Amino acid sequence: MKIPPIVSLQEWEAARQKLLIKEKELTHARDAMAAERRRMPWLAVEKEYEFDGPKGKKSLLDLFDGRHQLIVYRAFFEPGVFGWPDHACRGCSLGADQVGHLAHLNARDTTLVYASRAPQADIARLKKRMGWAMPWYTITDSFDADFGVDEWHGTNVFFHHDDRIFRTYFINNRGDEAMGSTWSYLDATPLGRQEKWEDSPEGYPQTPPYKWWNWHDEYAASPDPKWARVVDQALVELNLDK
């Protein structure tokens, strides 16, 4: 292995600052891409779909769990997949290990679920072994084929509006590598992070940045005024209060 040059602190900091310019450009480009996603046309879901869950049959609408946004990751765990019956696909499992606490998504009106063709008893056993907590449903019909995930993994995003369901976005292949954090999931949704700094269509819900953040076990509690003051001060100091 040929290592890079060894330099002084000043040279290292100069190199970092040079690269930081490109990193900020990448961040802004990622924000711009998310803004374009929020302006994507929607595709109406006309068919009825049925899933098996821990408590029985569920429709696609049921999977929203009362929220407006639904993210469905198609994981490969079923007969014929490498690792069956002890494990799900290695790639899907690596992705599942990266999923953050779902309370933060739920606080932004968003539900994340996994879906496979394995029976519920096998899914429950797998989740217990691997320590996964996301809702995980069994596909029973043509859902995977209809949404491009019958032969490969993928993340579909849906929105529930006026008693109708719409497909709003789809991510697969290497795009799925970035999924797992609260931010990567919200950036794929039509409402985004719902913070005021975002470039979103007029009328979309938005709140001040940071103020909605909470410990994952305290979202049901009233907002803490002390945290709001901490955020206000930080926004002023960082010149982000506009």
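What follows is a short exchange between a bench biochemist and a modeller about this structure.

Colleague: What kind of model is this, and how are its residues numbered?
Modeller: This is a predicted model: local features need pLDDT of at least 70, side-chain atom pairs count only at pLDDT 80 or more, and totals for chains, interfaces and linings use all residues. Side-chain values use heavy atoms, with hydrogens and water left out, and residues are numbered from 1 along each chain as its sequence is written.

Colleague: How many helices and strands does the chain have?
Modeller: Helices (H or I, at least four residues) and strands (E, at least two) are DSSP runs, numbered from the N terminus. On that basis the chain has eight helices and eight strands.

Colleague: What is the distance between the end C-alpha atoms of helix H1?
Modeller: Helix H1 covers residues 9-37, which is 29 residues. The expected span is 1.5 Å times one less than the number of residues, so H1 should span 42 Å. The distance between its end C-alpha atoms agrees with this, at 41 Å.

Colleague: Which residues of H1 are buried?
Modeller: Buried means under 20% relative accessible area, exposed over 50%, and partly exposed in between (1.4 Å probe, protein chains only). What covers the buried residues of H1 includes helix H7 (182-187), where a contact means heavy atoms within 4.5 Å. Those buried residues are Leu20, Ala34 and Ala35.

Colleague: How many residues of strand E4 are buried?
Modeller: In a regular strand the side chains alternate between the two faces of the sheet. On one side of E4, Gln69, Ile71 and Tyr73 are buried, and on the other Leu70, Val72 and Arg74 are buried. E4 (residues 69-74) is therefore largely enclosed by the rest of the structure, its buried residues numbering six of six.

Colleague: Which residues are the bridge partners of Leu70 in E5 and E7?
Modeller: Two strands pair if DSSP finds at least two bridges between them. E4 pairs over six bridges with strand E5 (residues 110-116) in the parallel sense, and over six bridges with strand E7 (residues 154-161) in the antiparallel sense. The partner of Leu70 in E5 is Thr111, and in E7 it is Phe158.

Colleague: Which residues does the cis peptide bond join?
Modeller: Most residues other than glycine have a negative phi, and most peptide bonds are trans. Here omega is about 0° for a bond leading into the loop between E4 and helix H3 (90-97), where Pro85 is found. The bond joins Trp84 and Pro85.

Colleague: Is Asp162, with its positive phi, buried or exposed?
Modeller: Asp162 has a phi of about 50° although it is not a glycine. Asp162 lies in the loop between E7 and strand E8 (164-172). With a relative accessible area of 61%, Asp162 is exposed.
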